[in-house]
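The following exercises concern chain contacts, symmetry and strand pairing. Each task is followed by a solution worked in steps.

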Protein chains: 4
Amino acid sequence: MGQITRFGISMDSQLLKRFDSFIYHHGYANRSEAIRDLVRDRLVKGEWTDEKVETVGTITIIYDHHQRELAEKLAEQQHRAQESVISVMHVHLDHHNCLEVLAVRGKAKHIKTLSDNLISAKGVKHGKLVMTSTGKGL
Amino acid sequence: MGQITRFGISMDSQLLKRFDSFIYHHGYANRSEAIRDLVRDRLVKGEWTDEKVETVGTITIIYDHHQRELAEKLAEQQHRAQESVISVMHVHLDHHNCLEVLAVRGKAKHIKTLSDNLISAKGVKHGKLVMTSTGKGL
Amino acid sequence: MGQITRFGISMDSQLLKRFDSFIYHHGYANRSEAIRDLVRDRLVKGEWTDEKVETVGTITIIYDHHQRELAEKLAEQQHRAQESVISVMHVHLDHHNCLEVLAVRGKAKHIKTLSDNLISAKGVKHGKLVMTSTGKGL
Amino acid sequence: MGQITRFGISMDSQLLKRFDSFIYHHGYANRSEAIRDLVRDRLVKGEWTDEKVETVGTITIIYDHHQRELAEKLAEQQHRAQESVISVMHVHLDHHNCLEVLAVRGKAKHIKTLSDNLISAKGVKHGKLVMTSTGKGL
């Protein structure tokens, strides 16, 4: 962590009362922490609209591993994008269904393409890309 | 507006620098205003998860008015929910396509049902519900 | 409407059963209509990532009209972007709060800038941009 | 996989042409696969509004492991919810920043609470909950 700056903000008392209730119910330690979270979340959204910035994400897919040749196909796509894939976690949900989560790093554009390719594969039932951040400057 | 409360928050200087750049690019007058917007947006999201609270929204639909009996069907559905519909704006986009925006007020549950009914009608090409707020306490 | 094409799709029976239940609960007339809606919604999302395509949207804002000089400021911003603003609907929610909905048309980039400027104005409590479509080719 | 049902749907030719282009660009093998994906995605969204249904998700957090006592706090919260946490993947992004992804299973309500608690912890810079599915009946 770097230097900390302190500054004042003004808020209508009624709005602040509602915000304090939100803070309490979501488990934030104090107003600063809750506000920093809102700020960071908003900035991370912006990072992903610039497709050239290097960033970090996770790709979650649910698939049926009995689907013919699917596992190989998914593995092949991941290998082709191996410079972006940091690590993979695999969970056996039941006899049929697998959950796979990839931690990925790279340009937003490349991560989106990899995500598209995995989610569109036949036998992949559901998939979502989480766009997060390298954490630098946040 | 009621009373204003002033309080201090602390933030990593690097994060604050990025936030100040965001504030500048989005046209906010100062940090307080930008932070209030983030706070209000987060609170409004919460309002809509409690389906019993009275709230305000807008329903936007795009449809082809040449579609047989569609205009009557949409009008009938709006009349059946007339206690929720405050006002309607209608725009002729081209020879075929109409844009209609309903300002609605009521319980989240009722607004969602009306929105579902309008958007699912045959000939309605696209539709979106905006969940906003009565503005009270914000 | 132009020509209609008919084609077959295959689906796991269990998935189809769940989809039929969804169709029933959301008021769709039949599977075709429900599927067309999902397809159109997905295509509209894509339109808005290409910032140069002409498109249609609505901007919803909630504000306190007692806020000093706000009404003039909002009007001025709308006039500066008048080639994009088709029409405006204004609703008095209570003694303080107004709902204003703008129907807008233009390049995604310009619409987003106008939306940013209105939502970030001091006294605007909440705002949302709906990204819809001209309806052409949908 | 169970039985497969085949059924016909009708679509305006112009809309179908745009959908076929979408299918091609996103790497889907055919229309059936693309439509099944849209259907499943819509159904999964519905699952999560019923907070009592058992479901599956992933929680992604980015945090600074130099933050005092944060690692212990996060571990403690995960242990308190251990019946929901299936597995955890941890990645060292740089000297400061860690990426942690939890695969979780349980009632939507419990998963949301765990996610809130982790994301709101001081030192967690960004976090997102992916709401996916057990894959059953999809």
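Two residues are in contact when they have heavy atoms within 4.5 Å of each other. The model examined here is predicted.

**Exercise 1. The interface of chains A and D**

Task: Determine how many residues of chain A are in contact with chain D, and how much area the two chains bury between them.

Solution.
Step 1. Applying the contact criterion, 47 residues of chain A touch 47 residues of chain D.
Step 2. The size of an interface is often given as the accessible area lost when the parts come together.
Step 3. For chains A and D this buried area is about 3900 Å², and 57% of it lies on carbon and sulfur atoms.
Step 4. A:Met89, A:Lys125 and A:His126 account for 16% of the area that chain A buries against chain D, more than any other three residues.

**Exercise 2. Polar links across the interface**

Task: State how many salt bridges there are between chain A and chain D, and identify the elements of chain A that give two or more residues to this side.

Solution.
Step 1. A salt bridge requires a side-chain nitrogen of Lys or Arg within 4 Å of a carboxyl oxygen of Asp or Glu.
Step 2. A:Lys128 and D:Asp41 satisfy this criterion, with their closest N and O atoms 3.1 Å apart.
Step 3. The count for chains A and D is two salt bridges.
Step 4. Between these chains there are also 22 residue pairs in polar contact, both residues being at pLDDT 80 or more.
Step 5. On the side of chain A that touches chain D, two or more residues come from each of α2 (31-47), β2 (54-64), β3, β4, α4 (108-119) and β5 (124-131) of chain A.

**Exercise 3. Symmetry**

Task: Which relation of chain A to chain D follows from their superposition, and why?

Solution.
Step 1. A turn of 180° with a shift of 0.0 Å along the axis lays chain A on chain D with an RMSD of 0.0 Å.
Step 2. The relation is therefore that of a two-fold axis.
Step 3. Both copies use the same surface, as 100% of the contact residues of chain A recur in chain D.
Step 4. A:Met89 is the residue of chain A that comes closest to the rotation axis, its C-alpha lying at 3.1 Å.

**Exercise 4. A hairpin in chain A**

Task: Describe how β3 and β4 of chain A are joined and paired.

Solution.
Step 1. Strands of a sheet pair through backbone hydrogen bonds, either parallel or antiparallel.
Step 2. Strand β3 (residues 85-92) and strand β4 (residues 97-107) of chain A pair in the antiparallel sense, over seven bridges.
Step 3. One bridge sets A:Ser87 against A:Ala103 in β4(A).
Step 4. Four residues separate β3(A) from β4(A), and the two strands form a hairpin.

**Exercise 5. The open sheet of chain B**

Task: Give the strand order of the sheet in chain B, and locate helix α3 relative to this sheet's strands.

Solution.
Step 1. The sheet is open and has four strands in the order β3-β4-β2-β5 (chain B), with antiparallel pairing.
Step 2. Its edge strands, each paired on one side only, are β3 (85-92) and β5 (124-131) of chain B.
Step 3. From one strand to the next, the twist averages 15°.
Step 4. Within the sheet, β2 (residues 54-64) and β4 (residues 97-107) of chain B are antiparallel and share eleven bridges; B:Tyr63 stands opposite B:Cys98 in β4(B).
Step 5. Helix α3 (residues 70-80) of chain B lies across β2, β3, β4 and β5 of chain B, and runs at about 175° to β2(B).

Terms used: Residues are numbered from 1 along each chain as its sequence is written. Chains are lettered from A and ligands numbered from 1 in the order in which they are written. This is a predicted model: local features need pLDDT of at least 70, side-chain atom pairs count only at pLDDT 80 or more; totals for chains, interfaces and linings use all residues. Side-chain values use heavy atoms; hydrogens and water are left out. Copies are superposed by least squares on the C-alpha atoms of residues with pLDDT of at least 70 in both. Two strands pair if DSSP finds at least two bridges between them. Axes are lines fitted to C-alpha atoms, for helices over the stretch in contact, and angles run from 0 to 180 degrees between N-to-C directions. Buried area is the accessible area (1.4 Å probe) that two parts lose on being put together, summed over both. A polar contact is a pair of N or O atoms within 3.5 Å; within protein, one must be able to donate a hydrogen and the other to accept it, and residues adjacent in sequence count only if both atoms are side-chain atoms.
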